[in-house]
Amino acid sequence: MFRKVPLDLIFGEVETGIGMSEGAVRLKSEFLQVEISPQGAEMVALTDREGRDLLWNGDPAFWTGRAPLLFPIVGRLPNDQLLHEGQVYCMAQHGFARRRAFTLEEATDKVVRLALHDDEETRKQYPFHFSLTVTYTLAEATLTIEVEVANTGEGVLPASVGFHPAFRWPLPYGGARKDHRLVFEKAEAEAIHRPVGGLLSTATEPNPAVDAILEPTDALFERDALIFLDLRSHHVRFGVPGEPGLEVAFPDMPHLGLWSKPGAPFLCIEPWAGYASPESGPSEFTEKPGLSLIAPGDTKRFAMAIRWLPDVGRLIGPHEAGV
């Protein structure tokens, strides 16, 4: 076990079941292998027992991300500016956590924990004191990612957290992109939003899921992401019916984003606790819709899980989808 060691000081391989290469940490089970980078505490590889890639590889021809962690905002702020108590701070889309080096606090053969704390650089963008802890736990065919946000300051901590994993589309189990389906836990009928200049659209459009089933197509993403604010489901399944696939569970995350680019071989399934500033919303950051307001001394938990399935399941009908 390693504790409180900056990852950029660790090199080579260790013999506890974790392989480290160029500062990365690897976890392995009978079903999955995961690689986590200290940069942004980001998962950068996810493979099955045969070594087949399930996670996007960050090819810059399409998108350099793989599974960035979004903190302390999801989406964008108006003009990329945070206004608090009359002061203006500049912060880019999705916040700064994905661009910061985390410190390794714990590593075993099945658990990795990394942390980031506020400092002079973060406070130039986000004038709040915090402690951000990210824990990866691999148990058989399930990877759980837990984020804990602690308020270490004296005032309320306003924050959002989002997960942004990009999965291979198509998955490596046969079937073309057009054969893949997203199956929601329950039927989803509420209208969805889109980003407009990175902000949340005021206008809505019909939900593209029919009887809990969404058929991802390039045309769906010609106008950017699909944003589900009013979700009934707490998990979705992704894959070709009858073939292996993935389940993404998000019991604590009230919103979901789906994003790709036309022609890109990945699909982002993004559980969120928070969303971009609305097109016409309040100026003061602490009044932004979707924020978690964490009291001094308190900690709030956010989590998602990725489970490998030997059979993603047949397409379910509305009577089985919780209508």
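**Exercise 1. Determine how the residues that line the largest pocket divide by class, and where this pocket lies in the chain.**

Solution. In this predicted model, the lining of the largest pocket consists of ten nonpolar, five polar and three charged residues. The space in this pocket comes to about 310 Å³. Turning to its surroundings, one finds that 18 residues line the largest pocket, and that those closest to its centre are Gln93, His94, Pro195, Asp224 and Ala225. As a last step, look for the elements that contribute two or more residues to this lining, which are S17 and strand S23 (266-273).

**Exercise 2. Describe the second largest pocket by its volume, its lining and the element that gives the largest share of that lining.**

Solution. Begin with the volume, which is about 230 Å³ for the second largest pocket. Its lining holds 16 residues, and Pro78, Gln81, Leu83, Pro282 and Ser283 are the closest to the centre. When these lining residues are sorted by class, nine are nonpolar, five are polar and two are charged. The element with the largest share is S6, from which three residues of the lining come.

**Exercise 3. Locate the cis peptide bonds that precede Pro72 and Pro170, and state in which loops these prolines are found.**

Solution. As background, most peptide bonds are trans. The bond between Phe71 and Pro72 is cis, with omega at about 5°, and Pro72 belongs to the loop that runs between strand S5 (69-70) and strand S6 (81-84). The bond between Trp169 and Pro170 is also cis, with omega at about 20°, and Pro170 sits in the loop between strand S14 (166-168) and strand S15 (181-184).

**Exercise 4. Examine Asp211 and Ala212, and decide for each whether the residue is buried, partly exposed or exposed.**

Solution. Most residues other than glycine have a negative phi. Asp211, however, has a positive phi near 50°, and Ala212, which is not a glycine either, has a positive phi of about 75°. Asp211 is placed in the loop between strand S17 (199-200) and strand S18 (213-214), and Ala212 lies in the loop between S17 and S18 as well. For the accessibility, recall that buried means under 20% and exposed means over 50%, with partly exposed in between. Asp211 has a relative accessibility of 40% and therefore counts as partly exposed, whereas Ala212, at 0%, counts as buried.

**Exercise 5. Trace the strand pairings of S20, and give a bridge partner for Val183 and the residue opposite Phe238.**

Solution. Strand S20 (residues 235-239) pairs with S15 in the antiparallel sense over four bridges, and within this pairing Val183 has Arg237 in S20 as its bridge partner. S20 also pairs with strand S21 (residues 245-249), again in the antiparallel sense, over five bridges, and here Phe238 stands opposite Leu246 in S21. S20 and S21 form a hairpin with five residues between them, and Gly242 in the turn has a positive phi of about 90°.

**Exercise 6. Judge whether the radius of gyration of the chain agrees or disagrees with that of a compact globule, and add what is known of the whole fold.**

Solution. A compact globule with 323 residues would have a radius of gyration near 20 Å, and because the chain has 19 Å, the two agree. The C-alpha trace spans about 55 × 50 × 35 Å along its principal axes. In secondary structure the chain has one helix and 25 strands, and buried residues make up 54% of its 323 residues. Finally, of the contacts between residues at least 6 apart in sequence, 65% join residues at least 24 apart.

Note on methods
Residues numbered from 1 in each chain as written. Predicted model: local features only at pLDDT ≥ 70, side-chain atom pairs only at ≥ 80, totals over all residues. Heavy atoms only, no water. Buried < 20%, exposed > 50% of the residue type's maximum accessible area, 1.4 Å probe, protein only. Pairing = 2+ DSSP bridges. 1 Å grid on protein atoms, 1.4 Å probe; cavity = no way out; pocket = protein on both sides within 12 Å on 5 of 7 lines; lining within 4 Å. Points joined across faces, edges and corners; volume = space filled by probe spheres on them. Nonpolar A, V, L, I, M, F, W, Y, C, P; charged D, E, K, R; others polar. Rg over C-alpha atoms; globule rule 2.2 N^0.38 Å. Contact = heavy atoms within 4.5 Å.
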